[in-house]
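Please look through the structure below with these notes beside you. They are arranged as numbered points, and each can be followed on the structure itself.

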Amino acid sequence: MMLLTCPFCGKRNESEFIYGGPVGADRPDPNAVSDAEWVEYLTVTPNPLGPVREKWWHARGCGGWFAIWRDTRTHDIVEVPDGTK
Amino acid sequence: MSYKVNIARQSLNALFDLKGSPAAILTWVEGALPALPERPNSRTRRDALDLYHIGRDHWIVRAPLGLEGRLETQLRPTDCPADISIVRVSDTLTFFRVTGLQAADVMAIACPLDLHDTAFDADAVTYSELFGLKALVMRCEGGFEFAVEQSFGDMITDYLTRATA
């Protein structure tokens, strides 16, 4: 079982939440990037070995969306990695 | 094992769903409601009106069904400005009361929330899950009260009966 910290409700059981996928890159200007970069933005999902930023929906709670960092090696929710905006 | 609890399905309540910034809500309702709860997942009460703060910029007003018409007149849901939303949802939720010596034990079967006094005090009210369904959970005198979507009422009655049999 994993406990997720909702910004509104506090720590809650994972079963109250629905996974919303990893946070992708910001949408680039399609006229300012190459075709390869555009295809990469559209099709490549972040899947690092280590911390990844994920979206979660508190579907059986307050209904809010939020993002957390989770380490894919340990399944632990971690602090924002150093050097990350 | 059997539990020392009383389980009672409540009759309908007058319920209104409010969304919008606190300032916009207060301006529109002009004292028709209790003060807005300051803490997330808490409630305030004035006379027979309860106000639940159940999400960011999201509240539920609860009152006896007899006050529904008066509240509708005061809140004017069909005329409210575009930056807030007021919707009458009286017939969407069914309330149950689980009271008695082992009310907490029965709730622990149904709900993953920590319902101890230290974590869930008398004025706490929150959406959580109950037998896998989204449910509005709060304390009441002698136990707990919760609401689920109306159409699941019979199913929850059945689950509670089985859990406490």
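**Notes on chain B and its contacts**

1. A good place to begin is a single pair of residues in this predicted model: B:L18 stands opposite B:I86, which belongs to strand β6 of chain B. The two strands concerned, β2(B) and β6(B), the latter covering residues 85-88, pair in the antiparallel sense over four bridges.

2. Strand β2 of chain B, which runs over residues 13-19, also pairs with β5(B), residues 58-64, again in the antiparallel sense and over seven bridges. Within that pairing, B:F16 has B:V61 of β5(B) as its bridge partner. How much of β2(B) is covered? Five of the seven residues of this strand are buried, and the strand is therefore described as mostly covered.

3. B:V61 appears again in the largest nonpolar core, which has 45 residues, where B:V61 is among those with the most contacts inside the core, together with B:I54, B:A135, B:L136, B:V137 and B:F146. Because domain 1 (6-10 + 92-164) and domain 2 (13-88) of chain B both give residues to this core, it lies between them.

4. For B:V137, once neighbours within four places in sequence are left aside, the residues in contact include B:C111, B:L113, B:T126, B:S128 and B:L130, as well as B:F144 and B:F146.

5. Turning to the other chain, 11 residues of chain B are in contact with 10 residues of chain A. On the side of chain B that touches chain A, β4 (49-55) and β8 (125-130) each supply at least two residues, and β8(B) gives the most, with four. The residues of this side divide into four nonpolar, four polar and three charged.

Technical notes: Residues numbered from 1 in each chain as written. Chains lettered and ligands numbered in written order. Predicted model: local features only at pLDDT ≥ 70, side-chain atom pairs only at ≥ 80, totals over all residues. Buried ≥ 20, exposed ≤ 12 C-beta atoms within 10 Å, placed from the backbone. Pairing = 2+ DSSP bridges. Contact = placed C-beta atoms within 7 Å. Nonpolar A, V, L, I, M, F, W, Y, C, P; charged D, E, K, R; others polar. Core = buried A, V, L, I, M, F, W, Y, C linked by C-beta atoms within 7 Å. Domains from an automatic or database assignment.
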